Amino acid sequence: MIASRMISAALGALAFFASRASSQNVDRSKRPNVGAPPTFKFPKVETHTLANGLRLIVVEDHALPLVSTRIVVGADSTLDPVGKEGLYAITVGALRAGTTSMSPDQLADAFADVGTTVAPTGFTTTTPAFARALALAGDMLVHPLFDQAGIDRRKAAHAATARRLAQTPFTLPRHLFYAELFGASDPYVRSLVPTEASVGGITRDEVLRFYDEHIRPNTTTVVIVGDVNDATARKEVTRVFGGWRSRPGPTSKESAAATATRPTTIYLCDVPGTQAYLYVGSAGPMLSPDFYALDLAAAISGARMQQTLREKRSFMYSGNAGLVSRRPSAPSAYVGSTSLNAAKADSALVEWLSLLKGLGDTRGVTAQELDAIRRNRIGALPARIDGPDSLAARVVEMVRDGLPLDFYDTYAARVASVTGAEVAAAASKYIDTKHLVIVATGDRAILEPALRAANIAPVIVVDPNGKPIEP
Amino acid sequence: MPLLARRHAPARTIELTILLALLGTGGRVVHAQRPDAAAGASSLRPLAYTRIALSNGLIALVNEDHSSPLVVVDVWYHVGSKDDKPGRTGMAHLCEHLFNEGSPNLDQTEKAFYNSIGGTSPHYAATTEDITHFFIAVPSNELETVLWAESDRMAAPFARADAKQLSGVREVIGQERDRNVENFPFGVARELAVAELFPVGHPYHMTPLPPMADLYSATIDDLETSCAPYYVPNDAVLSISGDVNASVVRGLIQKYFGGIPRGAAIARPSAAPVSLTGEKRVVLEDSRANQPRLQIDWPVVGFSHPDRLALRALASALSLNRFGRLSTLLINDRQLATTVSVDYYDFEKAGVFEILVVPRPGASMTTIETLVDSVMASLPSTPLTARELERFNDYNATSAVSSLETRFARADTLAHGEIFAGDPVAYAKQVAAARAVSPSDVQRAIGRYLTNGRLVMSLVPAGKLDLISKPNLPFRNVTPPSSVRAKVAP
């Protein structure tokens with residue numbers, strides 16, 4: 001993205017519309033000299049813990065008459081038992097289907113009064129409606145009705161979601177990719193594809209048990225961001241959640257470790273259509289001393305991907321590359337993905353692997369690339385907290401990813417100090433082109449001969465469950 | 001880049017009852033007056049802005065907010081797919097892509113350049129039926145850099161375009177269409193629907209990302225007639241929100257844009273009101289889809305029409321939460337559907353009112369259509385209640401505030417008002433009007449627009465014609481080859 005592009009016919013083309021420019025007097029041949037970039041400061045983060053163990057994080061932001069509240073419970077879909085994928089989502093969803101004192105209709109009427117739909121996991125509303133909305137969210141989280149009808153409605157909704165997900169083009173390649181990376185039985189991998197069968201088999205007793213085992217104050221964090229002061233937030237949260245009885249017990253299971261690294265392999269699955277979906281990546285740490293260098297390496301790989309696969313070769317419309325975080329202690333991943341013309345998938349992979357290899361070998365990153373990506377990561381920070389919802393999202397990420405709450409206070413300085421050599425070393429270590437998982441889904445008749453002929457890596461044809469198909 | 005028809009996106013079209021008064025006043029806010037709820041406030045002010053008009057026709061809108069050191073620059077050009085000429089469909093979108101390929105003094109794409117100075121954007125550029133815009137957030141010290149780059153491409157638009165670049169951009173757009181339309185389940189439903197609702201030659205007959213055939217016959221010479229006339233100061237609105245000083249902006253705008261000559265006056269396409277003479281019934285099959293859906297569309301009026309608010313109130317009464325008349329009946333009472341949505345797409349000069357139902361497995365779409373019709377038929381005898389209108393307004397009130405959280409949304413809202421209504425805070429002017437919508441206003445709108453002149457689409461997995469609604473009535477199968485060229489999904 002950074003290096004400039006030479007366009008051979010630029011001068012000729014300039015003459016094409018030259019008349020409009022001729023009458024102007026401002027000199028645009030030089031970029032303006034602008035002042036130093038503003039210093040980024042993440043707003044002050046206050047934390048409190050209630051007597052029952054519930055954690056409260058408050059970030060005051062009075063620019064708008066809005067409060068964004070997010071309630072992070074100490075559970076997620078990686079806790080779903082085998083064959084019961086969807087249990088976490090149905091449990092949390094069923095919380096909305098009435099409380100011991102409010103019917104679904106009464107809840108919906110109350111939502112209209114506060115002007116927004118309130119979920120047990122959060123809401124955004126105007127300042128005057130904050131306390132009422134928090135009380136509604138707390139009532140749903142702490143006093144759920146969990147009647148059979150409400151659970152059945154939620155199951156029907158999640159079965160529909162599972163059906164919709166199954167027909168969405170990126171679902172299969174994404175699942176195959178993570179299954180190859182972490183193993184098909186890894187809880188995170190299973191959580192990616194709840195099925196109609198797994199959702200349909202979930203019973204009310206299982207929902208009650210899941211709630212009882214995993215939803216409790218001492219593993220819950222309430223994040224409140226916006227136009228409310230710290231004391232008011234504490235008072236209201238204590239009023240709503242103070243009586244919630246804490247219960248001990250284990251709350252989380254870690255995912256399995258990543259499977260042992262294997263030589264780079266292409267897993268190909270036959271899916272009709274003119275486009276191919278490609279996933280390329282490897283397991284790697286989210287948190288390590290190398291984090292900032294790896295973060296920049298991943299970002300540079302995304303910029304190069306855009307520059308090469310879109311701007312230079314016109315293979316793709318859009319693509320992404322970056323670090324994907326998972327829960328603390330579990331393996332994270334470097335992942336790149338795109339969809340593109342199936343007939344160009346072989347050429348695209350050759351270019352893609354070459355640019356990844358270039359990051360970590362002697363070619364490394366250019367000073368210009370490093371400068372641009374640092375500016376981008378630091379300069380974009382204010383836009384990433386533009387408004388209470390975005391700010392709350394960043395806090396929730398820190399909570400979920402196990403990052404220290406001062407992460408953004410030091411981020412800019414840490415990024416600014418990363419050297420090109422460190423980026424190249426991190427790329428070499430964690431984006432190792434000799435040990436990548438590559439998944440391609442698309443028309444096998446187009447993809448298989450081309451990928452084999454390109455001799456990028458061994459090609460294994462798999463079925464939609466990842467099982468190799470005999471040649 | 002994204003080419004979705006605009007739903008009634010709250011940021012742009014929702015009326016404000018609680019308005020942000022934070023801007024230009026050091027971030028001070030005025031709160032809603034009703035202590036127990038979000039709604040009902042009346043003492044709030046719309047977004048504060050400064051409007052700068054240059055002699056060449058350029059309008060700049062500046063919304064100051066010094067609470068964070070960033071600024072959004074959002075340049076709107078009043079050209080969209082409704083300006084595409086017959087035989088040249090997709091050109092407005094092609095222009096958008098080519099406009100992002102550098103300028104005389106910038107030898108890289110604008111996206112790459114902005115990223116390298118700390119910029120970020122959800123999409124960088126977008127083309128809709130009505131407008132094309134380019135939007136970026138940068139650290140506030142880089143404002144002048146963005147104005148420099150934006151003026152460089154406006155002064156000599158498409159200066160770096162040549163046949164090679166056109167060819168490359170066309171391939172990228174082909175992949176965009178493949179990804180979002182042709183390889184996506186029922187991805188062609190939108191373009192098939194508007195083609196049925198609006199006649200050939202009507203400006204909304206086509207979408208911004210139509211089939212590629214016309215683009216493959218486009219040449220570099222077409223830019224002169226199809227793109228360049230619109231990329232002129234008198235067709236542009238430069239909307240800025242963030243940590244800037246309006247008087248400084250005024251000087252910079254004059255410096256960088258003041259010398260760009262005014263373009264020729266632009267002839268806008270007229271959009272005659274459309275009403276279908278009777279019901280059209282069509283079927284779309286898709287081999288990628290695994291569940292059917294029922295979609296019912298009516299051609300209605302657009303953004304500036306007074307009946308727009310009544311149509312929005314009706315959409316709310318039909319689908320809001322548990323109280324929506326259709327959603328309650330189909331999801332909760334009869335348990336025939338998992339999704340019921342009622343949307344009003346308000347384009348500049350026309351609109352589409354749409355009911356979309358995703359049935360539960362095994363539920364009959366014929367039964368669902370019959371129930372939808374019974375609810376619609378009952379509206380004259382059971383008009384909207386005061387409580388239904390109150391809920392509509394209460395939700396509006398809150399989303400009016402929350403939808404303007406980001407500086408992108410504020411810049412968009414101001415530019416949208418300026419271009420569609422000649423008033424950057426047009427949305428605010430509609431506050432009283434929304435509160436004043438009466439049950440009889442809704443009744444009148446129903447009688448006028450939601451008639452038998454409608455489109456009923458059965459969308460089914462390929463080969464599953466037994467699932468279509470009311471199969472005994474005449475229908476046309478409008479499935480394009482691209483939707484069934486694949487193997488039938490398991």
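This briefing walks through a few places in the structure above, from the meeting of two chains down to a single residue. Keep in mind that this is a predicted model. Chains A and B touch each other, with 80 residues of chain A in contact with 90 residues of chain B. We will also look at two helices that cross in chain A, one helix with a buried face in chain B, and the surroundings of B:L192.

**Where the chains meet**

- On the side of chain A that touches chain B, helix α4 (residues 104–114) of chain A gives the largest share, seven residues.
- Sorted by character, the residues on this side of chain A are 41 nonpolar, 25 polar and 14 charged.

**Two crossing helices in chain A**

- Helix α3 (residues 87–94) of chain A and helix α10 (residues 204–214) of chain A have axes that come within 9 Å and cross at roughly 85°.
- Because angles from 65 to 115 degrees count as roughly perpendicular, α3(A) is described as roughly perpendicular to α10(A).
- From α3(A), the contact uses A:L87, A:Y88, A:I90, A:T91 and A:A94; from α10(A), A:E206, A:V207, A:F210 and A:Y211 take part.
- These contact residues divide into seven nonpolar, one polar and one charged.

**A helix with a buried face in chain B**

- Helix α12 (residues 365–378) of chain B has 14 residues, which at 1.5 Å a residue should span 20 Å. Its end C-alpha atoms are indeed 20 Å apart, so the expectation and the model agree.
- Which residues of α12(B) are buried? They are B:M365, B:I368, B:E369 and B:V372.
- Looking down the axis of α12(B), you would find its buried residues within an arc of 100°, so they line one face of the helix.
- Turned away from that buried side is a face carrying the exposed residues B:T370, B:S374, B:A377 and B:S378.
- The cover over the buried residues of α12(B) includes the strands β8 (293–300), β9 (337–346), β10 (351–359) and β11 (455–461) of chain B, along with helix α11 (325–333) of chain B.

**A closer look at B:L192**

- You can find B:L192 in helix α6 (residues 189–197) of chain B.
- Is B:L192 buried or exposed? B:L192 has 21 other C-beta atoms within 10 Å, and because 20 or more count as buried, B:L192 is buried.
- Leaving aside residues up to four places away in sequence, B:L192 touches B:L284 and B:V478.
- B:R160 is 32 residues from B:L192 along the chain, and their C-alpha atoms are separated by 35 Å.

Conventions
Residues are numbered from 1 along each chain as its sequence is written. Chains are lettered from A and ligands numbered from 1 in the order in which they are written. This is a predicted model: local features need pLDDT of at least 70, side-chain atom pairs count only at pLDDT 80 or more; totals for chains, interfaces and linings use all residues. Axes are lines fitted to C-alpha atoms, for helices over the stretch in contact, and angles run from 0 to 180 degrees between N-to-C directions. Helices (H or I, at least four residues) and strands (E, at least two) are DSSP runs, numbered from the N terminus. Angles under 35 degrees count as roughly parallel, over 145 as roughly antiparallel, 65 to 115 as roughly perpendicular and the rest as oblique. Two residues are in contact if their C-beta atoms, placed from the backbone, lie within 7 Å. Ala, Val, Leu, Ile, Met, Phe, Trp, Tyr, Cys and Pro count as nonpolar, Asp, Glu, Lys and Arg as charged, and the others, Gly among them, as polar. The expected span of a helix is 1.5 Å times one less than its number of residues. A residue is buried if 20 or more other C-beta atoms lie within 10 Å of its own, exposed if 12 or fewer, and partly exposed in between; C-beta atoms are placed from the backbone. The arc is that of the directions from the helix axis to the C-beta atoms.
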